[in-house]
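I am opening a fresh notebook page for a structure that is new to me. My plan is to look up the overall build first and then to follow a few places along the chain.

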Amino acid sequence: QVQLVESGGGLVQAGGSLRLSCAASGSIFSINNMGWYRQAPGKRELVAHISDGGSTNYADSVKGRFTISRDNARNTVYLQMNSLKPEDTAVYYCNMVIVPIGTYYPRSYWGQGTQVTVSS
């Protein structure tokens, strides 16, 4: 069993910052890619992605404001969000591609989602 647990969402004023965390636990052999997605009404998009080698990419809408990072020792991915805008309001989901112990096959796992609300 593998589980992803997110934390760090909340309500913030425009221009503020939040840091999201997502920790994986359970029978984990290895973790490949990690990423953050967000879901707003009628729209779901990839926000940021980090490979197992540390390469990152971002949605154009968050470049220069958001930073994704990972702590492999803690099986955790972070999303530092600065200069937040009302249009960043969404439910944020973490995603990890994990190879569970006992299998050679990677699977995609999702966190439970955390609400981020940016007021104007």
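How many helices and how many strands are there in the protein chain? I note before counting that this is a predicted model, and then I find 0 helices and 11 strands in the protein chain. Reading from the N terminus on, I write the order of the elements as β-β-β-β-β-β-β-β-β-β-β. The radius of gyration of the protein chain is 14 Å, close to the 14 Å that the globule rule gives for 120 residues, so I record the chain as being as compact as a globular protein of that length.

**Entry on the whole chain.** I looked up the box that the C-alpha atoms fill along the principal axes, and for the protein chain this box is roughly 50 × 25 × 25 Å. Of the 120 residues in the protein chain, 40% are buried, and the exposed surface comes to about 6400 Å², with carbon and sulfur atoms supplying 48% of it. Among contacts in the protein chain with a separation of 6 or more, I find that 56% are between residues 24 or more positions apart.

**Entry on strand pairing.** I followed strand S3 (residues 18-26) to its partners, beginning with strand S1 (residues 2-7), which runs antiparallel to S3 and is joined to it by 6 bridges. In this pairing, Leu4 has Ala24 in S3 as its bridge partner. S3 is also joined to S8 by 6 bridges, again in the antiparallel sense, and here Arg19 has Gln80 in S8 as its bridge partner.

From S8 I went on to S7, where I found that S7 and strand S8 (residues 76-81) pair in the antiparallel sense over 6 bridges. Within this pair, Arg70 stands opposite Val77 in S8.

**Entry on strand S7.** Which side chains of S7 point to the buried face? Along residues 66-71 the side chains alternate, so to speak, face by face: Phe66, Ile68 and Arg70 point to one face and are buried, whereas Thr67, Ser69 and Asp71 point to the other and are not. 

**Entry on two positive phi angles.** Most residues other than glycine have a negative phi, and with that in mind I looked for exceptions. Asn75 has a positive phi of about 50 degrees although it is not a glycine, and its place is in the loop between S7 and S8. The hairpin of these two strands has 4 residues between them. With a relative accessible area of 23%, Asn75 is partly exposed.

Ser83 also turned up in this search, with a positive phi of about 50 degrees although it is not a glycine. I place Ser83 in the loop between S8 and S9, where it is partly exposed at a relative accessible area of 41%.

**Entry on Asp88.** Is Asp88, in the loop between S8 and strand S9 (90-100), buried or exposed? Its relative accessibility is 0%, and Asp88 therefore counts as buried. Leaving aside residues up to four places away in sequence, I find that Asp88 touches Arg38, Arg65, Phe66, Ser83, Val116 and Val118. For one of these, Val116, I also looked up the spacing, and Asp88 and Val116 are 28 residues apart in sequence and 7.6 Å apart in space, C-alpha to C-alpha.

**Entry on Thr114.** I then turned to Thr114, which is found in strand S11 (residues 114-119). Thr114 has 12% relative accessibility and counts as buried, because buried means under 20% relative accessible area. Not counting residues up to four places away in sequence, Thr114 touches Glu6, Gly9, Leu20, Ala90, Val91 and Tyr92.

**Entry on Ser55.** Which residues does Ser55 touch, not counting those up to four places away in sequence? I find His49 and Ile50. Ser55 lies in the loop between strand S5 (43-50) and strand S6 (56-58). I also compared its position with that of Gly15, and Ser55 and Gly15 are 40 residues apart in sequence and 27 Å apart in space, C-alpha to C-alpha.

**Entry on rings and charges.** My last search was for aromatic pairs, and over the whole structure it finds 1. I then looked at Arg44, whose charged end sits over the ring of Tyr93, 5.4 Å from its centre. The charged end of Arg44 also sits over the ring of Trp110, 4.7 Å from the centre of that ring.

How values were computed: Residues numbered from 1 in each chain as written. Predicted model: local features only at pLDDT ≥ 70, side-chain atom pairs only at ≥ 80, totals over all residues. Heavy atoms only, no water. Buried < 20%, exposed > 50% of the residue type's maximum accessible area, 1.4 Å probe, protein only. Pairing = 2+ DSSP bridges. Phe/Tyr/Trp six-rings, centres within 6.5 Å; stacked < 30°, edge-to-face > 60°. Lys NZ or Arg CZ within 6 Å of the ring centre and 35° of its normal. Rg over C-alpha atoms; globule rule 2.2 N^0.38 Å. Contact = heavy atoms within 4.5 Å. Areas by Shrake-Rupley, 256 points an atom, 1.4 Å probe, with all protein chains shown as cover.
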